[in-house]
Amino acid sequence: MTPAAFLPYLILAMVVLAGLRLGQRVMLWRGGRAAHVDWMAGLKALPKRYLVDVHHVVDRDKSASRMHVPVAGGLVLASGLLVLGLIPALAASRLYWTLVTLAFLVMVAGVALVAHRRYPRPMARLSMGRWQRFPIYLAAFGLGGLMTAGLAAIGNPLPALSFVTLVIAAGGGLKLAFDAASGPIRHALAGATHLVAHPRPNRFDHDEAKGRSTGLQSIDLNAETLGAKTPSDFAWNRLLAFDACVQCGRCEAACPAFAAGQPLSPKHLIADLAAASGGGHHRPYGGNAYPNERPVAGEGGLHAKVISPDGMIHPDTIWSCTTCRACVEECPMMIEHVDAIVDLRRFQTLELGAVPLKAEEPLSHYRGCDEPNGRALAERTDFAAGLRLPVLKPGERADVLLWLGQAAYDLRGQRTLRALIQCLQAAGVDYRVLGEDERDCGDLARRLGDEATFQRLARENIAALGSVTFNRILTADPHALHVLRNEYPAFGGIYDVVHHTAFLAEMVAAGQLTPQALSGRAITYHDPCYLGRYNGETEAPRALLDAMGLERREMARSGKRSMCCGGGGGAPSADIPGDTRIPDIRMGQAKETGATTVAVACPQCTAMLEGVTGERPEVKDVAELLWEAVQVSASAAPRDSRKAKELEPA
């Protein structure tokens, strides 16, 4: 019996060892809360989710894509062929061993690309430690298998060498299998299962008409524990998701809080949550530390507190998050970081009342007057003096219901709303507002973990909306857009909600508004997270800017991969200090384009970017720019008419 004949048995041994080791993690996953999983649908969707959805994200980094395909493909192909080697007729065939050799050759080529990313100097976002040793085990298995199968393909002329290469392959392969529970290889096995049992299966649906699966899931306010106190309070398939992390660092590289030096690294957070469920750090974390890291004991366990001085994670870490979903957008394993953070916040807020000091005020105002700013609901329309703002009374009907939101109480936001209202009036739109019946949508309360306040506001707003009749809800606030469109349906509020940029683009396309070209102005557009990433709307604002004849220049980070302004998720209320401010970083990216104006489409973004001091581009909402262009067009029309009369023959 040649040494190569033992390779199929090595694969079987690896499968058994990996299964036993992974079984330890399965028992931990089962310690989480119950979650409904459609296993058949998940299994059917796995090839597409892996080969299309995952690969789409992986392929953004071409070096990772070129590495991942041969390593994973070669490993799976070689292992599958070796299992067939248990058939004696195949094991005696040189052609068979030639095919096995070629499969290992593909794998080894991929391993060389892996090594190139890590040696001699690894990419800054990659984890070190056991992740740095991972290519060595892959190389041992791949090269050992390549040599053993290759010698068998030419008749095994050097039995002693074949035995040595078999031992090398066995050492690398068994080490990979042993690490199925705690090492880098865990992500591959847990990752495939995670794609099948994903907590958000709808996120893989690419039909934008059905909406993007980005809304937070509701919790039962009568549950024994509100939010996540321990790892066992997460659903079991979320514990599985933490183990799917490959520690590639893409989330960290995209995170605005990490860039600003706040104590948050999404990669470190997920690694901590995975370690916490298994009883703490089995080995030191190999990646970048949290910026300005806060001290914690680092003790974990399935039923141990996650957020505490003795736990794995400091409170400042979860309060640094802007909920922008940049980490989620960049994660090749489709992990939902924001969902985990909000679940942790819910326990801190609802069970402990342990919110950052500045966040106490808006949450208190919510409970007293349904607004985070403490203003009376009847004052919401005060800004529109002279605009004849019609109010939709119970029992009445309008084509469009304008949701004013928080911008109505803010001097800067009011300028945007006035421009929008003037555009609506110029186009003859049948619109009205709810007036004092409009409460805050509850976005800030929910992101800060106050699910009880959010659910109360949702039900009261839905009742108010149910008392009137309209075709569409129009809003200039992407946060309100998201809540009304994606989170109110869980409470029975299903509406056709449109952002003001999309609505204005419709009117321009239909000829209801005819803007004049604002030539000679270079402009860059900042994509709001809750409009672009959360709701997939990136083209309408750009279509409007193009219709105005503006010279549009894109920032390096734009569209669904745009960088956050720092204003979402209650981050300004939490106010966790860092080395710099997120809006300063974003404005720096805008200045790099050479644009004189930053176009925005969100009152939060406007406030954050206008708060940047020093020399910078001016900040204008798209509605303000459009109204300016419409006014130019209107003023030009009489001049054109007079000029035409002058040219008429006598």
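Four strands form an open sheet in the order β6-β5-β7-β8, and their pairing is parallel. At its edges stand β6 (551-552) and β8 (618-621), each with a single partner strand, so one side of each has no neighbour in the sheet. Before going further, please keep in mind that this is a predicted model.

**The sheet around β5 and β7**

Strand β5 (residues 522-525) and strand β7 (residues 597-600) run parallel and are joined by three bridges. If you would like a residue pair to look for, T524 has V598 in β7 as its bridge partner. Helix α23 packs on this sheet, where it touches β5, β6 and β7, and its direction makes about 170° with that of β5.

**The sheet around β1 and β3**

Another open sheet of four strands has the order β2-β1-β3-β4, again with parallel pairing. Here β2 (431-432) and β4 are the edge strands; each has a single partner strand, so one side of each is left without a neighbour in the sheet. As a reminder, strands of a sheet pair through backbone hydrogen bonds, either parallel or antiparallel.

Strand β3 (residues 469-475) is a good place to settle in for a while. This strand is mostly covered, with five of its seven residues buried. Strand β1 (residues 397-403) runs parallel to β3, and six bridges join the two. Along this pairing, L401 stands opposite I473 in β3, and W403 stands opposite T475 in β3. Strand β4 (residues 497-499) also pairs with β3 in the parallel sense, over three bridges. There, L474 has V498 in β4 as its bridge partner.

What connects with β3 and β4 to make a right-handed β-α-β unit? The element is helix α20 (residues 478-487). Helix α20 lies across β1, β3 and β4, and runs at about 160° to β4.

**Two helix pairs**

Two helix packings are set out below, with their axis separations and crossing angles.

| Helix pair | Axis separation | Crossing angle |
|---|---|---|
| α1 (residues 7-29) and α7 (residues 159-178) | within 8 Å | roughly 20° |
| α21 (residues 500-509) and α23 (residues 539-547) | within 8 Å | roughly 45° |

For α1 and α7, the axes cross at roughly 20°, which makes α1 roughly parallel to α7. The crossing of α1 and α7 is right-handed. Their contact involves L7, L10, A13, M14, L17, A18 and R21 of α1, together with L166, A169, A170, G173, L174, A177 and F178 of α7.

The pair α21 and α23 brings us back to the helix that packs on the sheet, touching β5, β6 and β7. How do α21 and α23 lie to each other? They are oblique, and their crossing is left-handed. On the α21 side, T501, A502, L504, A505 and V508 meet A540, P541, L544 and A547 in α23.

**A loop residue worth a look**

Finally, let us turn to L221, which is found in the loop between α8 (186-196) and α9 (236-243). Because its relative accessibility is 31%, L221 counts as partly exposed. Leaving aside residues up to four places away in sequence, L221 touches L226, E451, A452 and Q455. How far apart are L221 and Q455 in sequence and in space? They are 234 residues apart in sequence, while their C-alpha atoms are 9.3 Å apart in space.

Conventions: Residues are numbered from 1 along each chain as its sequence is written. This is a predicted model: local features need pLDDT of at least 70, side-chain atom pairs count only at pLDDT 80 or more; totals for chains, interfaces and linings use all residues. Side-chain values use heavy atoms; hydrogens and water are left out. Buried means under 20% relative accessible area, exposed over 50%, partly exposed in between (1.4 Å probe, protein chains only). Two strands pair if DSSP finds at least two bridges between them. A crossover is right-handed if, with the strands pointing away from the viewer, the path from the first strand over the helix to the second runs clockwise. Contact means heavy atoms within 4.5 Å. Axes are lines fitted to C-alpha atoms, for helices over the stretch in contact, and angles run from 0 to 180 degrees between N-to-C directions. Angles under 35 degrees count as roughly parallel, over 145 as roughly antiparallel, 65 to 115 as roughly perpendicular and the rest as oblique. A crossing is left-handed if the near helix is turned anticlockwise from the far one by less than a right angle, and right-handed if clockwise.
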